[in-house]
Amino acid sequence: MPTSSASTTDASAKPTAASGGVQSLERAFDLLERMADAGGEVGLSELSAASGLPLPTIHRLMRTLVACGYVRQQPNRRYSLGPRLIRLGESASRLLGTWARPYLARLVEETGETANMALLDGDEIVYVAQVPSKHSMRMFTEVGRRVLPHSTGVGKALLAHTPADEVRALLARTGMPAATEKTITTPEGFLEALEKVRKTGYAVDDNEQEIGVRCLAVSVPNSPTAAAISISGPAGRVTEQVAESFVPILQGVAAELSVALSNQNPA
C-alpha cells in the first residue's frame with residue numbers, strides 16, 4: 001500500500017502537510033507513521049534521526065501519544081504502537097472496502113470473475129473487500145482473511161517495489177510454507193517472481209494458494225496505504241490468454257480507484 005511531516009530540517013524527511021495545518025498534530029502523525037515503517041517499535045534517537053526533529057520535541061509528543069493510548073512505552077524504554085490504534089485501523093479498513101466495492105463490481109462486470117481488494121498489514125495480506133463472480137463456479141475469499149504474501153498474487157503486487165533486503169527480512173519472519181505443490185518456497189524464487197511483476201506490470205498466483213485457482217493482481221498506485229486489487233477464478237477460465245485482455249482492465253480500475261481514494265478527504 002501519502003504521509004505528512006512538519007519537519008523541514010532533514011532532506012530525507014517525509015513531505016510536509018498543506019499549509020494551515022496544526023504543526024504538533026502533523027508531527028505526531030508523522031512519528032506514528034515512522035514507527036509503523038520501522039516495524040512498530042523504535043527508540044527516541046531513531047525517531048529523531050529519521051524525522052530531523054530534536055529529542056525534546058519528540059519526547060514531548062510521545063508523552064502525549066502515550067497518555068492517549070496510541071503509543072506504549074516498553075520496559076526497555078523503547079516505544080511501540082499502542083492498542084488504541086487497532087480500533088482506528090479496523091474502522092478505516094472497513095471504509096476502504098466500502099469505497100472500493102463499486103470499482104470491484106465493475107471488474108466483475110468486465111471480466112466475469114470474482115474481484116478482491118487486499119492490503120499489506122504488517123507481514124500479512126488482509127482481504128478488505130470482495131465482489132463475487134456471477135458464474136456458478138466461482139472463487140470466494142472471506143473478507144478479513146489473512147494470508148502470507150509469498151503465495152498470493154496480491155502479495156506479489158504489493159511487494160514488487162520493496163527493496164530486496166526488506167523482502168528477505170519479511171520472508172524470514174513469516175517463513176514460506178507451501179500452501180500447494182506450486183507455492184514458491186525460496187526467497188530467491190520469490191524475488192524472481194517480483195522481478196517479473198516489475199517487468200510485466202501485474203502479478204499472477206498460478207495455483208499457488210489453492211490448486212485449480214488462478215489470480216491476476218495489480219497494485220493500486222499512490223494508495224494512502226499499500227493496496228492491491230485482483231480477479232480470481234478457475235484456472236481453466238483465467239488463462240494466460242485472457243490475461244492479455246484482463247490486465248489492462250485491472251490497471252485501469254486500479255488507477256481510477258487511486259484517484260477516488262486520494263479524493264476522499266475534503267479540500
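**Strands, a surface patch and cysteines in a predicted model**

Student: In this predicted model, which residue has a side-chain polar atom 3.0 Å from the backbone nitrogen of Ser 133?

Tutor: The contact joins a backbone atom to a side chain, with the nitrogen supplied by Ser 133. The residue on the other side lies in strand β4, residues 114-121. Its relative accessibility is 0%, so it counts as buried. The side chain belongs to Thr 114.

Student: Over how many bridges do β4 and β5 pair?

Tutor: Strands of a sheet pair through backbone hydrogen bonds, either parallel or antiparallel. For β4 and β5 the sense is antiparallel, and one pair of facing residues is Ala 115 and Val 131. The number of bridges between β4 and β5 is seven.

Student: Which residue in the turn between β4 and β5 has a positive phi?

Tutor: The two strands form a hairpin, with two residues between them. One residue in this turn has a phi of about 65°. That residue is Gly 122.

Student: Is strand β5 largely enclosed or largely open, and how many of its eight residues are buried?

Tutor: A residue counts as buried when its relative accessible area is under 20%. Because most of the eight residues of β5 (124-131) are buried, the strand is largely enclosed by the rest of the structure. The buried residues number seven.

Student: Which residue of β6 is the bridge partner of Val 126?

Tutor: Strand β5 is also joined to β6, residues 146-147, by two bridges. These two strands run antiparallel. The partner of Val 126 is Arg 146.

Student: Which strands stand at the edges of the open three-stranded sheet?

Tutor: The order of this antiparallel sheet is β1-β3-β2. Each edge strand has a single partner, so one side of each is left without a neighbour in the sheet. In one of these pairings, β2 meets β3 over three bridges, including the one between Gln 73 and Tyr 79. The edge strands are β1 (41-42) and β2 (71-73).

Student: What is the accessible area of the surface patch that includes Phe 29?

Tutor: Phe 29 is found in helix α1, residues 23-37, and counts as partly exposed because its relative accessibility is 45%. With Val 22 and Leu 25, Phe 29 forms a nonpolar patch. Together the three have about 290 Å².

Student: How many disulfides are counted?

Tutor: A disulfide is a covalent bond between the sulfur atoms of two cysteines. Among the cysteines, Cys 68 is partly exposed at 33% relative accessibility, whereas Cys 215 is buried at 8%. With a cut-off of 2.5 Å between sulfur atoms, the count is zero.

Note on methods. Residues numbered from 1 in each chain as written. Predicted model: local features only at pLDDT ≥ 70, side-chain atom pairs only at ≥ 80, totals over all residues. Heavy atoms only, no water. Patch = residues over 30% accessible without salt bridge, like charges linked within 9 Å, V, L, I, M, F, W, Y side chains within 5 Å. Areas by Shrake-Rupley, 256 points an atom, 1.4 Å probe, with all protein chains shown as cover. Salt bridge = Lys/Arg side-chain N within 4 Å of Asp/Glu carboxyl O. Helix = DSSP H or I, 4+ residues; strand = E, 2+ residues; numbered from the N terminus. Buried < 20%, exposed > 50% of the residue type's maximum accessible area, 1.4 Å probe, protein only. Polar contact = N/O pair within 3.5 Å; in protein donor to acceptor, adjacent residues only side chain to side chain. Pairing = 2+ DSSP bridges.
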